[in-house]
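I am opening a notebook on a structure that is new to me. I will look things up one at a time and write down what I find.

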Amino acid sequence: MLVDGGVRRGTDVFKALALGATAVGVGRPQAWGLAAFGQSGVEAVLVILRRELEKIMRQAGTPSIRNITRASVAL
(Lines give C-alpha, C1' and ligand atoms only; values in the text may rest on other atoms or scores of the structure.)
Protein backbone atom coordinates (compact mmCIF):
# COMPACT_ATOMS: atom_id res chain seq x y z
CA MET A 1 0.00 0.00 0.00
CA LEU A 2 1.23 3.49 -0.84
CA VAL A 3 0.24 6.45 1.32
CA ASP A 4 0.43 9.78 -0.46
CA GLY A 5 -1.13 12.91 0.91
CA GLY A 6 -1.28 14.52 4.31
CA VAL A 7 2.28 13.54 5.21
CA ARG A 8 3.94 16.53 6.87
CA ARG A 9 6.01 15.08 9.73
CA GLY A 10 8.05 12.03 10.60
CA THR A 11 5.24 10.93 12.91
CA ASP A 12 2.94 10.79 9.88
CA VAL A 13 5.42 8.47 8.15
CA PHE A 14 5.59 6.30 11.29
CA LYS A 15 1.79 6.01 11.53
CA ALA A 16 1.47 5.15 7.84
CA LEU A 17 4.08 2.42 8.15
CA ALA A 18 2.43 1.08 11.31
CA LEU A 19 -0.90 0.83 9.51
CA GLY A 20 0.57 -1.19 6.64
CA ALA A 21 2.08 1.22 4.13
CA THR A 22 5.04 -0.07 2.15
CA ALA A 23 5.87 3.43 0.86
CA VAL A 24 5.01 7.00 1.83
CA GLY A 25 4.90 9.95 -0.57
CA VAL A 26 6.04 13.34 0.72
CA GLY A 27 5.49 15.57 -2.31
CA ARG A 28 4.19 18.78 -0.78
CA PRO A 29 6.94 19.27 1.84
CA GLN A 30 9.54 18.68 -0.87
CA ALA A 31 7.82 21.25 -3.08
CA TRP A 32 7.92 23.78 -0.24
CA GLY A 33 11.63 23.14 0.25
CA LEU A 34 12.25 23.46 -3.49
CA ALA A 35 10.31 26.71 -3.73
CA ALA A 36 12.11 28.21 -0.74
CA PHE A 37 15.71 27.09 -1.23
CA GLY A 38 16.03 24.96 -4.36
CA GLN A 39 17.79 21.60 -4.16
CA SER A 40 19.25 22.34 -0.74
CA GLY A 41 15.72 23.02 0.51
CA VAL A 42 14.53 19.60 -0.71
CA GLU A 43 17.53 17.95 0.94
CA ALA A 44 16.81 19.79 4.20
CA VAL A 45 13.18 18.65 4.18
CA LEU A 46 14.24 15.04 3.71
CA VAL A 47 16.77 15.32 6.55
CA ILE A 48 14.12 16.78 8.85
CA LEU A 49 11.61 14.02 8.00
CA ARG A 50 14.25 11.34 8.58
CA ARG A 51 15.27 12.83 11.95
CA GLU A 52 11.64 13.05 13.05
CA LEU A 53 11.01 9.45 11.98
CA GLU A 54 14.12 8.25 13.82
CA LYS A 55 13.06 10.16 16.94
CA ILE A 56 9.56 8.64 17.04
CA MET A 57 11.03 5.20 16.34
CA ARG A 58 13.30 5.57 19.41
CA GLN A 59 10.37 6.78 21.52
CA ALA A 60 8.24 3.83 20.41
CA GLY A 61 11.03 1.31 20.97
CA THR A 62 11.22 0.25 17.33
CA PRO A 63 14.90 -0.04 16.34
CA SER A 64 14.18 -0.61 12.65
CA ILE A 65 11.44 -0.02 10.09
CA ARG A 66 10.49 -3.72 10.09
CA ASN A 67 9.76 -3.48 13.84
CA ILE A 68 7.01 -0.91 13.26
CA THR A 69 3.67 -2.72 13.56
CA ARG A 70 0.03 -1.86 14.08
CA ALA A 71 0.66 -2.32 17.83
CA SER A 72 3.00 0.70 17.63
CA VAL A 73 0.05 3.09 17.35
CA ALA A 74 -3.17 3.47 19.28
CA LEU A 75 -6.28 3.74 17.13
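**Entry 1: D12**

Which residues does D12 touch, not counting residues up to four places away in sequence? I looked up the contacts and found G6 and V7. I note here that the model is a predicted one. D12 sits in helix α1. Is D12 buried or exposed? Its relative accessibility is 13%, so D12 counts as buried. The cut-off for that word is under 20%.

**Entry 2: the whole chain**

I stepped back to get my bearings. The protein chain has three helices and two strands. I read their order along the sequence as β-α-β-α-α. Along the principal axes, the C-alpha atoms fill a box of roughly 40 × 25 × 20 Å. I then checked burial for the chain. Of its 75 residues, 31% count as buried. I also looked at contacts between residues at least 6 apart in sequence. Of these, 39% join residues at least 24 apart.

**Entry 3: helix α1**

I returned to the helix that holds D12. Helix α1 covers residues 10–18. How many of its nine residues are buried? I found seven, and α1 is mostly covered. The buried ones are G10, D12, V13, F14, A16, L17 and A18. What covers them? The cover includes β1 (2–4), β2 (23–25) and α3. I also looked just past the helix. G20 follows α1, and its phi is positive, near 110°.

**Entry 4: α1 against α3**

Next I took up one part of that cover. How do the axes of α1 and α3 cross? They come within 7 Å, at roughly 60°. The two helices are therefore oblique to each other. The crossing is right-handed. I listed the residues that meet. From α1 they are G10, T11, V13 and F14. From α3 they are L49, E52, L53, I56, M57 and A60. I sorted this contact by type and got seven nonpolar, two polar and one charged.

**Entry 5: α2 against α3**

I did the same for the other helix pair on my list. Helix α2 spans residues 27–37, and helix α3 spans residues 39–60. Their axes lie 6 Å apart, and the packing angle is about 145°. α2 passes α3 in a right-handed crossing. Which residues of α2 meet α3? I found P29, Q30, G33, L34 and F37. On the α3 side I found Q39, S40, G41, V42, V45 and L46. This contact divides into six nonpolar, five polar and no charged residues.

**Entry 6: the nonpolar core**

I searched for the largest nonpolar core. It has 13 residues. Which of them have the most contacts inside it? They are V13, F14, L53, M57 and I68. Two elements, α1 and α3, give two or more residues to this core. α3 gives the most, with five. I then followed V13 on its own. Beyond its neighbours within four places in sequence, V13 is in contact with V7, V24 and L53.

**Entry 7: M57**

M57 came up both in the contact with α1 and in the core, so I checked its burial: at 9% relative accessibility, M57 counts as buried. M57 is found in helix α3. I left aside its neighbours within four places in sequence and listed its contacts. They are F14, T62, P63, S64, I65 and I68. I also took one spacing. M57 and N67 are 10 residues apart in sequence, and their C-alpha atoms are 9.1 Å apart in space.

**Entry 8: T62**

T62 was on the contact list of M57, and I looked it up last. Where does T62 lie? It is in the segment after α3. Is T62 buried or exposed? Its relative accessibility is 6%, so T62 counts as buried. Apart from its neighbours within four places in sequence, T62 is in contact with F14, M57, N67, I68 and S72. The last of these is 10 residues away along the chain, with a C-alpha separation of 8.2 Å between T62 and S72. Among the contacts of T62, I noted F14, M57 and I68 again. These three are among the residues with the most contacts inside the largest nonpolar core.

Terms used: Residues numbered from 1 in each chain as written. Predicted model: local features only at pLDDT ≥ 70, side-chain atom pairs only at ≥ 80, totals over all residues. Heavy atoms only, no water. Axes fitted to C-alpha atoms, helices over the stretch in contact; angles between N-to-C directions. Helix = DSSP H or I, 4+ residues; strand = E, 2+ residues; numbered from the N terminus. Left-handed = near helix turned anticlockwise from the far one by under 90°. Contact = heavy atoms within 4.5 Å. Nonpolar A, V, L, I, M, F, W, Y, C, P; charged D, E, K, R; others polar. Parallel < 35°, antiparallel > 145°, perpendicular 65-115°, else oblique. Core = buried A, V, L, I, M, F, W, Y, C linked by side-chain atoms within 4.5 Å. Buried < 20%, exposed > 50% of the residue type's maximum accessible area, 1.4 Å probe, protein only.
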